[in-house]
Amino acid sequence: MADILEVKNLKTYFITKEMTVKAVDNVSFTIRQGETFALVGESGCGKSATCRSILRLIHKPGKIVDGHILYKGKELTALSQKEMRQIRGKEIAMIFQEPMTALNPVLTIGEQIFEAFGDQKMSKKEKTERAIELLHMVGIPRPETRIKEYPHQFSGGMRQRAMIAIALAAKPQLLLADEPTTALDVTIQDQIINLLNDLKAKLGMSILLITHDLGVVAQMCDRVAVMYAGHVVEIADTLTLFSSPRHPYTYGLLSSLPTGHEKERLIPIPGSPPDLANPPQGCPFAPRCRFAEDRCREELPALSEISPDHLTRCHFPEKLSEVKSFVEGGR
């Protein structure tokens with residue numbers, strides 16, 4: 001499959017007089033046409049900053065200081081804000097984490113969908129029919145009535161569905177979904193996951209999913225990039241990542257994931273992520289990694305391919321068997 005998005009050596013920093021926070025530090029990955037690609041990791045690892053960088057929605061003191069973002073071969077970092085407005089919503093759309101803050105409380109859901117149509121030449125009747133169609137597509141009952149209601153009249157799950165409808169209004173080819181199920185209960189979460197999977201298949205779009213929930217990743221995603229302290233530390237297809245992770249941080253995430261086994265003991269990752277204003281000299285995970293050696297504390301490893309389509313940022317990926325026995329033995 002062809003690549004629809006390529007992020008190369010992206011650096012997004014937040015720069016003040018007192019400090020420079022390296023929120024996204026030399027991040028590279030690609031998203032292929034028609035696939036769902038996930039960015040996963042703990043809070044503060046740079047997932048959302050990466051996502052917002054793609055749409056050039058980083059505001060001061062944040063700044064993209066280096067790197068390339070190529071959408072269908074077009075360099076987004078070189079476009080003016082006027083040119084970016086032709087990309088946002090129309091070709092690349094975004095679903096935000098909390099729909100109640102993303103939706104406008106003084107406009108009806110229908111009016112907000114109308115706004116998302118942009119400069120499409122449509123009559124009011126055509127816009128209304130299309131908006132009703134979109135609400136029906138995302139599973140909102142009685143769309144002819146609900147189109148006239150305000151966000152506060154919708155439940156949390158319905159607001160999330162409405163936001164998805166707004167994102168799809170201009171028929172984007174790439175959908176960025178930033179924690180789209182975090183604020184929802186498990187039942188509604190599952191419905192939203194199924195909805196996104198169905199829409200991707202029906203519309204042929206690609207999805208970039210930002211999440212810390214590996215259960216959602218297992219249900220939705222074709223490939224995964226694991227982020228830690230502003231870096232991508234591992235990229236693999238979902239099956240390979242879950243069955244044969246090759247970075248200690250990925251192992252740590254998976255070993256803390258419940259499996260439903262009796263007498264199961266979850267293994268937490270000790271410590272906390274580093275201060276991105278003062279990151280460690282070597283591998284940022286070294287202070288929390290029980291397998292770290294002197295080289296890890298002195299030298300940042302490169303993101304290297306260890307097998308086709310499987311990359312890891314670790315000096316000692318061959319320690320797989322040792323790490324695996326530790327994780328399995330702890331259970």
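Author: Contact means heavy atoms within 4.5 Å. With that meaning of touching, the buried residues of α5 pack against α4 (109–116), α6 (143–146), α7 (156–167) and α8 (186–203). The model is predicted: local features need pLDDT of at least 70 and side-chain atom pairs count only at pLDDT 80 or more, while totals for chains, interfaces and linings use all residues. Residues are numbered from 1 along each chain as its sequence is written, and side-chain values use heavy atoms, with hydrogens and water left out.

Reader: What makes α5 a helix, and what span is expected of it?

Author: Helices are DSSP runs of H or I with at least four residues, strands are runs of E with at least two, and both are numbered from the N terminus. Helix α5 covers residues 124–137 and has 14 residues, so the length asked of a helix is met. The expected span is 1.5 Å times one less than the number of residues. From its first C-alpha to its last, α5 reaches 20 Å, close to the 20 Å expected. After α5 comes G139, whose phi is positive, near 85 degrees.

Reader: Why is R130 called buried?

Author: Buried means under 20% relative accessible area, exposed means over 50%, and partly exposed is in between, using a 1.4 Å probe and protein chains only. R130 has 15% relative accessibility, so it counts as buried. This residue sits in helix α5, whose buried residues also include K127, A131, I132, L134, L135 and M137. Leaving aside neighbours within four places in sequence, R130 is in contact with F117, M122, M137, L168, A169 and K171.

Reader: K171 is on that list. Is K171 buried or exposed, and how do you know?

Author: K171 has 61% relative accessibility, so it counts as exposed. Its place is in the loop between α7 and β7. The phi of K171 is near 55 degrees, a positive value in a residue other than glycine.

Reader: And how is N9 classed, and on what value?

Author: At 39% relative accessibility, N9 lies between the two limits and therefore counts as partly exposed. N9 belongs to strand β1, and its phi is also positive, near 50 degrees, in a residue other than glycine.

Reader: How do you know how α7 and α8 are oriented to each other?

Author: Axes are lines fitted to C-alpha atoms, for helices over the stretch in contact, and angles run from 0 to 180 degrees between N-to-C directions. The axes of α7 and α8 come within 10 Å and cross at roughly 15 degrees. Angles under 35 degrees count as roughly parallel, over 145 as roughly antiparallel, 65 to 115 as roughly perpendicular and the rest as oblique, so α7 is roughly parallel to α8. From α7, G157, Q160, R161 and I164 make the contact, and from α8, I188, Q191, I192, L195, L196 and L199.

Reader: What makes β1 and β4 paired strands?

Author: Two strands pair if DSSP finds at least two bridges between them. Strand β1 (residues 3–15) and strand β4 (residues 62–71) have eight bridges, so they pair, in the antiparallel sense. F14 stands opposite G62 in β4. Four strands form this open sheet, in the order β2-β1-β4-β5, with antiparallel pairing.

Reader: Why are β2 and β5 edge strands?

Author: β2 (20–32) and β5 (74–75) each have a single partner strand, so one side of each is left without a neighbour in the sheet. On the way to β4, P61 lies in the loop between α1 and β4, and the peptide bond from K60 to P61 is cis, with omega near 5 degrees.

Reader: What makes β3 and β8 partners?

Author: Five bridges join strand β3 (residues 36–40) to strand β8 (residues 206–211), and the definition asks for at least two, so they pair; they run parallel. L39 stands opposite I210 in β8. Helix α11 (residues 248–255) packs on the sheet, touching β9 and β10 (231–237). The direction of α11 makes about 105 degrees with that of β9, so the two count as roughly perpendicular.

Reader: Which strands belong to that open sheet, and why are β6 and β11 at its edges?

Author: Its eight strands have the order β6-β7-β8-β3-β9-β10-β12-β11, with mixed pairing. β6 and β11 (304–307) each have a single partner strand, so one side of each lacks a neighbour in the sheet. The partner of β6 is strand β7 (residues 174–178), joined to it by four bridges and running parallel; the bridge partner of M94 there is L176. Both faces of β6 (residues 92–95) are covered, with I92 and M94 buried on one side and A93 and I95 buried on the other.
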